[in-house]
Amino acid sequence: MKNCAISASIIALTHAIAVNAPKNDKQSRFGQWQAKHNKNYKTTKENDARFAAWSKKDDEITSINSNPKNTFQTGHNKFSDMLPEER
């Protein structure tokens with residue numbers, strides 16, 4: 001019973017943190033994107049490079065989506081962390 005209450009508390013706390021994370025926090029959104037697409041990197045250096053690529057793509061997506069002349073919306077996909085040399 002005690003373990004069940006602890007587990008419920010952890011789940012509630014995790015949910016509260018995810019719900020209350022700032023929408024514009026790129027590191028947080030990158031982490032959510034990584035989880036969604038099962039992305040894990042071998043080194044911190046690779047993680048930083050992939051975050052930089054994802055962040056640049058995020059800026060492009062924001063720019064495209066904020067143009068009122070566009071009749072479409074863009075978004076991230078599993079390739080959003082591709083490095084320039086991989087394209």
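Over residues 7-16 the pLDDT stays under 50, and for this stretch the model has 0 contacts beyond four places in sequence. The structure is a predicted model, and where pLDDT is low, the predicted coordinates should not be read in detail. Across the protein the mean pLDDT is 84, with 72% of the residues reaching 70 or more, and the confidence runs from its lowest in helix α1 (residues 2-20), at a mean of 48, to its highest in α3, at 98.

**Overall architecture**

- The protein contains 3 helices and 0 strands, so that, read from the N terminus on, its elements follow the order α-α-α.
- Of its 87 residues, 17% count as buried, while the accessible surface comes to about 6900 Å², with 58% of that area belonging to carbon and sulfur atoms.
- Among the contacts between residues at least 6 apart in sequence, 53% join residues that are at least 24 apart.

**Helix α3 and the nonpolar core**

- Helix α3 covers residues 44-65, and because 22 residues at 1.5 Å a residue should span 32 Å, the 31 Å between its end C-alpha atoms agrees with the expectation.
- The buried residues of α3 are Arg 50, Phe 51, Ala 53, Trp 54, Ser 55, Asp 58 and Ile 61, and the buried residues of this helix pack against α2, which covers residues 26-36.
- The largest nonpolar core is made up of 5 residues, namely Phe 30, Trp 33, Tyr 41, Phe 51 and Trp 54, with α2 and α3 each supplying at least two of them.
- In soluble globular proteins, nonpolar side chains tend to be buried together.
- Trp 33, one of the core residues, also touches residues outside that core: leaving aside residues up to four places away in sequence, its contacts are Lys 39, Tyr 41, Trp 54, His 76, Asn 77, Lys 78, Ser 80 and Asp 81.

**Salt bridges between distant parts of the chain**

- The count of salt bridges comes to 6, and among them is the pair of Asp 58 and Arg 29, whose side chains meet at 2.6 Å, N to O.
- This pair links distant parts of the chain, with Asp 58 in helix α3 and Arg 29 in helix α2, 29 residues apart.
- The two partners differ in exposure, since Asp 58 is buried with a relative accessible area of 4%, whereas Arg 29 is partly exposed at 25%.
- Another salt bridge joins Asp 81 to Lys 39, with the closest N and O atoms 3.4 Å apart; Asp 81 lies in the segment after α3 and Lys 39 in the loop between α2 and α3, so the pair ties together parts that are 42 residues apart in sequence.
- Asp 81 counts as buried at 3% relative accessibility, while Lys 39, with a relative accessible area of 22%, is partly exposed.

**Salt bridges involving Glu 46 and Arg 50**

- The side chains of Glu 46 and Arg 50 meet in a salt bridge at 3.6 Å, N to O, and both residues lie in helix α3, 4 residues apart, which is about one turn of the helix.
- An α-helix has 3.6 residues a turn, so residues three or four places apart point the same way.
- Glu 46 counts as partly exposed at 27% relative accessibility, whereas Arg 50 is buried, with a relative accessible area of 11%.
- Glu 46 and Arg 50 are also linked with Glu 86 in a network of salt bridges.

Key
Residues are numbered from 1 along each chain as its sequence is written. This is a predicted model: local features need pLDDT of at least 70, side-chain atom pairs count only at pLDDT 80 or more; totals for chains, interfaces and linings use all residues. Side-chain values use heavy atoms; hydrogens and water are left out. Helices (H or I, at least four residues) and strands (E, at least two) are DSSP runs, numbered from the N terminus. The expected span of a helix is 1.5 Å times one less than its number of residues. Buried means under 20% relative accessible area, exposed over 50%, partly exposed in between (1.4 Å probe, protein chains only). Contact means heavy atoms within 4.5 Å. A nonpolar core is a set of buried Ala, Val, Leu, Ile, Met, Phe, Trp, Tyr and Cys residues joined through side-chain atoms within 4.5 Å. pLDDT is the predictor's confidence in each residue, from 0 to 100. Accessible areas come from the Shrake-Rupley method with a 1.4 Å probe; for residues, only the protein chains shown count as cover. A salt bridge is a side-chain nitrogen of Lys or Arg within 4 Å of a carboxyl oxygen of Asp or Glu.
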